[in-house]
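Biologist: Could you examine a single part of this model closely and set out the side-chain contacts and surface character found there? Please give the criteria behind each term as you use it.

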Amino acid sequence: MASGDPDPQDLSSPPLSPPSETPRLVELLNSLEANATLLQRVEERARDVASSLDASIQSLRDRLHNIVHNTFDVMDPYAHLVEGAEKAVGESVNASHVFIRKCLQLNEEMKIVEALATEVNDIKRGVDYLEYMQSRIPLPLSQQQR
């Protein structure tokens, strides 16, 4: 071998680290091992969270399905109730219009009655006046003895 050629035995074995780097290497390996354990815990927790989230979403879906189902069950009676209320309100409006027309008709007829009442009051005043005048006239002697 030439004096500048490396020894084949030296190439097959890894170079030894200087003694000062060995504790850093051990620390790095320990850190990698701790990180791997931490990563496993994070993955397990992520699976747990995903499983819990799936269960929550399924529960929410079931509840929303029940709400929609109940809403549809309520809508049919509600529609019938609204139709009944609409019919009742329509009938009430029609009855109110009939009542108003009757009141207007009665008002017109009362004008005739008011005119008659005025005439009756005038006649009554005339009769009252005649009675008053009659009471002022002295009775003949023949009627006074009775």
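Modeller: A helix here is a DSSP run of H or I at least four residues long, a strand is a run of E of at least two, and both are numbered from the N terminus. The model is predicted, so local features need pLDDT of at least 70 and side-chain atom pairs count only at pLDDT 80 or more, while totals for chains, interfaces and linings use all residues. Residues are numbered from 1 along each chain as its sequence is written, and side-chain values use heavy atoms, with hydrogens and water left out.

The part chosen is helix H2, which covers residues 22-136. The protein has three helices and zero strands, in the order α-α-α along the sequence.

Within helix H2, Lys124 and Asp128 are four residues apart, about one turn of the helix. Their side chains form a salt bridge (a side-chain nitrogen of Lys or Arg within 4 Å of a carboxyl oxygen of Asp or Glu), with the closest N and O atoms 3.2 Å apart. Asp128 is classed as partly exposed because its relative accessibility is 34%; the classes are buried under 20% relative accessible area, exposed over 50%, and partly exposed in between, with a 1.4 Å probe and protein chains only.

A second pair in helix H2 is Glu108 and Lys111, three residues apart, again about one turn. Their salt bridge has an N to O distance of 3.4 Å. Glu108 is partly exposed because its relative accessible area is 46%, and the value for Lys111 is likewise 46%, so Lys111 is also partly exposed.

The salt bridges of the protein number four. One of them links Arg61 with Asp62 at 3.2 Å, N to O. Arg61 counts as partly exposed because its relative accessibility is 48%, and Asp62 does so at 34%.

The surface also has a nonpolar element. Tyr78, which lies in helix H2, joins Val74, Met75, Leu81 and Val82 in a nonpolar surface patch of about 490 Å². Such patches take residues with over 30% relative accessible area and no salt bridge, nonpolar side chains (Val, Leu, Ile, Met, Phe, Trp, Tyr) being joined within 5 Å and like charges within 9 Å. Tyr78 is partly exposed because its relative accessibility is 48%.

For the protein as a whole, 0% of the 146 residues count as buried. The exposed area is about 13900 Å², of which carbon and sulfur atoms supply 61%; areas come from the Shrake-Rupley method with a 1.4 Å probe, and for residues only the protein chains shown count as cover.
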